[in-house]
Amino acid sequence: MDADTELVELFYKHCPSAKSSEDVVKEIIQTVGCHTLTVCLSALSLTASGMEPEELLAELKTCGLNIASGEDVELYKDNDFTDGLMIEHLRKLLQLGNLSNQQLDILRNLSLLPVAGVLKNSFKNWMKLDNLTDVNHLIKYGFINEDTDNKKISLHPLLQEVIAIETVPTDTACRTMLDSLHLICLAHGLELRRPENIIASLISVSERIVVDDGSYFLLFLQDMFPYLDKYLVSDYLPKLTERISYVMDEYKLESPCDKALLLDYKAECFLLKKDYGNAVKKREKAISIMEKLHTKDADMRNANLLSNLYNNLSNTYLLMKRGNEAAKALRTAFDIRMEYAHLGLTESHDSLQQMMNLINMLLLAKDVDNAKIVLEQYETLVLEHLSDTSLDYGICKLSHGIIDMMEGKPEPAEMNLLGAESIIGNAVGTDNDYMRTTYRYLNNLYARWKKPEKAIEYRDKYFNTNRITTNKNA
């Protein structure tokens, strides 16, 4: 944009009162490098602070870099100097904003979140704000961008960098928002639609946070892993595992639970590469660590983890088609839950996963009667603790459809499988194993039911999702 015309008009748009000081405005524009972001923020800061244009110019000229000395300028490469100068100007404008502690805290937390933005109302809930007055104030004066069409707010990448430097977003200072996100992870999918907003925020926080409480942050990362795994964010899991390992080493966190969990997560990463042998070794090693704590006085976390480890070992054996070993490991997982039922282990979400594993094993063995009994219990728990729009309920409908097909009941099978397609699609989209399985059974159902057009439709859907996955892995 032309500095003498377009940028001046842009400045006046955000600060009409400056029209009487045109020469000073032009000098401000030149001082901040004629960049539209700093021009806008300079004008907005002038309006917000109540300063005179001459005062703002004087402040900007003392931004922290000695720009009057040609020798100092020569020490920088052009781009580095320009970026550094702009960052210093942004810092100065932030300081001139006279923001309240609450407003600074909003910016501090928002600096941890994705540049692409987060849902405005979600941010309000995560921060436990009574209203959006302070957020709207920061939007009005240019510090926060608002995408009204998508109902999102965000920070400009350069402002994000500056705000992080100025406000230092630690896990202690941002505890309210982190606790909110942590609770969502622990809830295992209580939200009703695809949680891209939450997933992107979790990943951004894990990479941008300044850690000052290693124990708290380790637990946050550990509970983030199964949440991302549940929603099939498999490409990030190896990096998350490395982050967990780093935090454990950095803060000397070496409890048996922490060591066993890390081994289990490493095993999951081996499974992503179909390296079943190493996955079994990692999980067996994790179990050997936790079995030393398998006593009548074990606490809930130890007992729950040990049960989960046996369950995960069972999953690995299933993938290796070692049915007897899978059944033995799953039976041990159930036995541990019953042993510690007084701690509430039978009510956790992990019980649902173990029940679904048992259902799958019973169906593979064509033991439909027992599979129906376990599925009925599974459905009751899902409807009691989650909802009929959750991913778990979609998996439940899929299992009902498979059983209906095995019993030769095409109409109930169609109703349940179509229900599964709708619920799973809303929860996690179409590019996943749950949906591929649903498409495969619908194709099979319509082929056997002599509905060739529908059979072709679901055959194409199945192959299209497979093709997307193949292209992603290429």
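This report walks through the fold, the cores, one cavity and a few single residues of a predicted model.

Residues are numbered from 1 along each chain as its sequence is written, and side-chain values use heavy atoms, with hydrogens and water left out. Because the model is predicted, local features need pLDDT of at least 70 and side-chain atom pairs count only at pLDDT 80 or more, while totals for chains, interfaces and linings use all residues.

**The chain as a whole**

Let us start with the overall picture. The chain has 24 helices and three strands; these are DSSP runs numbered from the N terminus, helices being H or I with at least four residues and strands E with at least two. Of its 474 residues, 50% are buried (buried means under 20% relative accessible area, exposed over 50%, partly exposed in between, with a 1.4 Å probe and protein chains only). Among the contacts with a separation of 6 or more, 66% join residues 24 or more positions apart; a contact means heavy atoms within 4.5 Å.

**The nonpolar cores**

A nonpolar core is a set of buried Ala, Val, Leu, Ile, Met, Phe, Trp, Tyr and Cys residues joined through side-chain atoms within 4.5 Å. The largest one has 116 residues, and Phe123, Ile144, Met177, Met224, Leu228 and Tyr378 have the most contacts inside it. Helix 13 (residues 214–230) gives the most to this core, with nine residues. Apart from it lies another core, of 20 residues, including Val8 and Leu57.

Take Phe123 as a guide: leaving aside neighbours within four places in sequence, Phe123 is in contact with Ile106, Asn109, Leu110, Leu113, Val118, Val135, Ile153 and Met177.

Isoleucine 199 sits in helix 12 (residues 196–208) and counts as buried, because its relative accessibility is 12%. Beyond its neighbours within four places in sequence, isoleucine 199 is in contact with Tyr227, Leu228, Tyr231 and Val233. Its C-alpha atom is 9.2 Å from that of methionine 224, although the two are 25 residues apart along the chain.

**An enclosed helix**

Helix 21 (residues 391–406) is largely enclosed by the rest of the structure, because 14 of its 16 residues are buried. At 1.5 Å a residue, this helix should span 22 Å, which agrees with the 23 Å between its end C-alpha atoms; the expected span is 1.5 Å times one less than the number of residues. Glycine 408 follows helix 21 and has a positive phi, near 70°.

Asparagine 444 belongs to helix 23 (residues 433–448) and is partly exposed, with 32% relative accessibility. Asparagine 444 lies 9.4 Å from methionine 405, C-alpha to C-alpha, and 39 residues from it in sequence.

**Two loop residues with positive phi**

Neither residue in this table is a glycine.

| Residue | Phi | Loop | Relative accessible area |
|---|---|---|---|
| Valine 168 | about 50° | between helix 10 (157–167) and helix 11 (175–187) | 41%, partly exposed |
| Leucine 232 | about 60° | between helix 13 and helix 14 (237–250) | 35%, partly exposed |

**The cavity**

On a 1 Å grid over the protein atoms alone, a cavity is a set of points where a 1.4 Å probe fits but cannot get out, and lining residues have an atom within 4 Å of a point. Points are joined across faces, edges and corners, and the volume is the space filled by probe spheres set on them. The count comes to one cavity of 30 Å³ or more, and the largest holds about 30 Å³. Which residues line the largest cavity? They are Met290, Leu293, His294, Ala298, Asn302, Ala303, Leu306 and Tyr340. Helix 17 (residues 300–319) gives the most to this lining, with three residues.

Terms used:
On a 1 Å grid over the protein atoms alone, a cavity is a set of points where a 1.4 Å probe fits but cannot get out, and a pocket is an open set with protein on both sides within 12 Å along at least five of seven lines; lining residues have an atom within 4 Å of a point.
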